Structures are given as C-alpha cells and as structure tokens.
Amino acid sequence: MCPRSASVNEELRRRSKERLLQAAVELVGERGFEATTLGDIADRAGSARGLVSYYFPGKRQLVQSAVHRLMHRTLEEALERAPRAEDGRERMARAIDAILGLARDRPVLMRQHMAGLLQAEGFVPCPEQRRLAELLRDTVARHGSRDVDSDYPMLRALLMGAVYAALVPGVPMPVPVLRAELFKRYRLDWELGTPPETTPPGGTADSDLSRFFATGAGAAPAAGTGVTPEAADGAAATAAADEPEPRP
C-alpha cells in the first residue's frame with residue numbers, strides 16, 4: 001500500500017483537531033468547564049488522549065478556540081444566509097442577533113467562555129479568534145465606519161458586555177432589551193436581522209454542531225485518496241511522534 005501524501009496527512013490531522021473542538025463545545029455546554037476534563041473531550045472526539053496536549057497547551061486554550069470557532073461559524077452563517085445581504089445595516093443587525101442568539105441558546109457554554117476571559121491568562125489569541133475578528137471588522141466597515149480600528153473594538157466590547165449582561169446569574173437582562181439598546185446605538189430598524197419573535201434558519205440551539213466544525217464534505221474520503229477521517233488520529237499521532245511537544 002502506498003504511503004499517504006503529506007497533503008492527505010495534513011487534512012486528516014485537521015479533521016482530528018476539529019473533532020476535538022466540537023467535542024469541547026458539546027461537553028462544556030452540557031457539564032460546564034470545571035466538570036469537563038481533557039480526557040472527556042478526547043473520548044467524545046474518539047481521539048487518543050495524548051493528541052489533545054499535542055494540539056493545545058491546555059484546556060482553557062482548547063475551549064476558547066472551540067467557542068471562537070462556534071462564534072465565527074455562527075456569525076458567518078448569519079451573514080451569508082439567503083437572501084444574502086450586502087446592505088451594511090442588515091449585516092450589522094445579523095451580526096448582533098447571531099452573537100446574542102448564542103447567549104440565549106447556549107447559556108452554559110457562553111457563561112463559561114466569558115468567565116474564562118476573566119482568568120489570569122485572559123484573552124488567548126488563536127486562528128479562530130482572528131477569523132471572528134475579521135468578520136466583525138468587515139461588518140463594521142460595511143456599516144459605514146470611517147475608523148474601523150476604533151469602531152471594531154467598540155463593537156466587540158458592546159457585544160461582550162451584552163452577552164455578559166444576558167448571562168449574569170440571578171440578574172440576567174432580557175435579550176430583547178439588550179438588542180434594542182444595540183440597535184438604537186447603530187440606528188437599526190427592529191425588523192432587520194432576526195427579531196426575537198422569529199426563528200433563525202438553522203437555529204443557534206441546533207443540537208447538531210457538525211456543520212460548524214466540518215472541514216470538508218462531512219465524513220467523505222479526501223478526493224482520490226480513499227482515506228476516511230477515522231484515520232486522522234493515526235496521522236496525527238505520527239506527526240506528534242515526529243515533532244516536538246508544544247510548550248505549556
């Protein structure tokens with residue numbers, strides 16, 4: 001049997017990593033951060049436990065990357081859904097609704113994420129966070145900002161503040177009230193985006209998260225290779241044996 005090419009091995013490693021991200025989101029959403037172990041995440045993903053530390057320095061970094069992936073893909077889906085909107089006001093409304101929708105529909109996960117940002121290591125930059133930032137910066141630019149470098153951090157802060165306010169135990173603010181304040185600030189009509197009384201296509205509470213984490217066409221073999229994603233862990237384990245361990 002011919003050895004797999006470097007490109008096939010890379011694709012399999014990517015799929016293995018993304019199964020870990022999906023498992024982290026699912027388990028933290030079900031149990032909370034403290035009750036979820038790296039071993040639990042590896043078991044849910046069907047991966048070797050040693051691969052978790054190969055890909056991520058620790059649990060906090062893994063969970064932040066996983067939540068940022070979910071936020072990035074949820075926002076991307078909202079912005080690009082049909083009918084696709086080029087209007088900056090509609091895109092801003094969709095962005096606000098997408099992030100508030102995660103707070104409403106995945107409160108445990110998002111509460112744990114916000115709490116993690118307040119820990120000593122704070123905000124951990126990662127590729128998923130950068131993709132999320134790019135989408136939000138583009139939204140700010142299309143909305144008509146003349147100073148994206150200033151207006152993007154403000155939008156990010158307002159969204160984070162709204163998510164926090166919606167999730168404070170004992171005194172949560174209703175999402176429609178927070179939405180109204182954000183819409184007022186950005187001069188958006190209530191009918192734009194996905195008003196609270198309507199259901200967004202796909203729904204952020206959909207229990208099947210695979211579409212947010214899939215690299216290619218689901219579990220299909222890479223084109224022309226005959227290799228299925230189940231072989232990903234073998235390829236990743238080989239890479240782990242050949243490469244130095246990441247620093248904690």
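Let me start with a term: a cavity, for today, is a set of grid points where a 1.4 Å probe fits but cannot get out, and its lining residues have an atom within 4 Å of a point. Hi everyone, please keep that in mind, as we will come back to it. One caution before we go on: what you see is a predicted model.

First, the overall picture. The protein chain holds 11 helices and zero strands. Reading from the N terminus on, then, you meet α elements one after another. Of its 248 residues, 48% count as buried. Contacts between residues 24 or more positions apart make up 71% of those with a separation of 6 or more. On the outside, the chain exposes about 12,500 Å², and carbon and sulfur atoms supply 55% of that area.

Now let me take you to helix H8, residues 148-167. H8 has 20 residues and reaches 28 Å from its first C-alpha to its last, close to the 28 Å expected at 1.5 Å a residue. Which of its residues are buried? They are Val 148, Tyr 152, Leu 155, Leu 159, Ala 162, Val 163, Ala 165, Ala 166 and Leu 167. And what do the buried residues of H8 pack against? Their partners are helix H5 (88-105), helix H6 (107-117), helix H7 (127-142) and helix H9 (175-185).

With H8 in view, back to the cavity. How many cavities of 30 Å³ or more are there? The count comes to one, and the largest cavity has a volume of about 200 Å³. Of the 17 residues that line this largest cavity, the closest to its centre are Met 71, Leu 132, Leu 136, Arg 156 and Met 160. The elements that give two or more residues to the lining are helix H4 (59-80), H6, H7 and H8. H8 provides the largest share of that lining, with five residues.

On to the charged side chains. As a reminder, side chains of opposite charge can pair when their charged atoms come close. The structure holds 18 salt bridges, and I have picked a few to show you.

Since we were just at H8, let's start there. Arg 137 forms a salt bridge with Asp 149, and the closest N and O atoms are 2.8 Å apart. Arg 137 lies in helix H7 and Asp 149 in helix H8, so this pair ties together parts that are 12 residues apart in sequence. Arg 137 counts as partly exposed, at 31% relative accessibility, while Asp 149 is exposed, with a relative accessible area of 55%.

Next, please look at Glu 26, which forms a salt bridge with Arg 44, the closest N and O atoms being 3.1 Å apart. Here Glu 26 sits in helix H1 (residues 6-31) and Arg 44 in helix H2 (residues 38-45), so the link joins parts that are 18 residues apart in sequence. Is Glu 26 buried or exposed? At 19% relative accessibility, Glu 26 counts as buried, because the cut-off for buried is under 20%. Its partner Arg 44 is partly exposed, with a relative accessible area of 36%.

A further pair is Asp 43 with Arg 49, where the closest N and O atoms are 2.7 Å apart. Asp 43 is partly exposed at 45%, and Arg 49 is exposed at 54%.

Finally, a group to click through: Glu 80, Arg 84, Glu 86, Arg 91, Asp 138 and Arg 142 are linked in a network of salt bridges. Thanks for listening!

Conventions: Residues are numbered from 1 along each chain as its sequence is written. This is a predicted model: local features need pLDDT of at least 70, side-chain atom pairs count only at pLDDT 80 or more; totals for chains, interfaces and linings use all residues. Side-chain values use heavy atoms; hydrogens and water are left out. Helices (H or I, at least four residues) and strands (E, at least two) are DSSP runs, numbered from the N terminus. Buried means under 20% relative accessible area, exposed over 50%, partly exposed in between (1.4 Å probe, protein chains only). Contact means heavy atoms within 4.5 Å. Accessible areas come from the Shrake-Rupley method with a 1.4 Å probe; for residues, only the protein chains shown count as cover. The expected span of a helix is 1.5 Å times one less than its number of residues. A salt bridge is a side-chain nitrogen of Lys or Arg within 4 Å of a carboxyl oxygen of Asp or Glu. On a 1 Å grid over the protein atoms alone, a cavity is a set of points where a 1.4 Å probe fits but cannot get out, and a pocket is an open set with protein on both sides within 12 Å along at least five of seven lines; lining residues have an atom within 4 Å of a point. Grid points are joined across faces, edges and corners, and a volume is the space filled by probe spheres set on the points.
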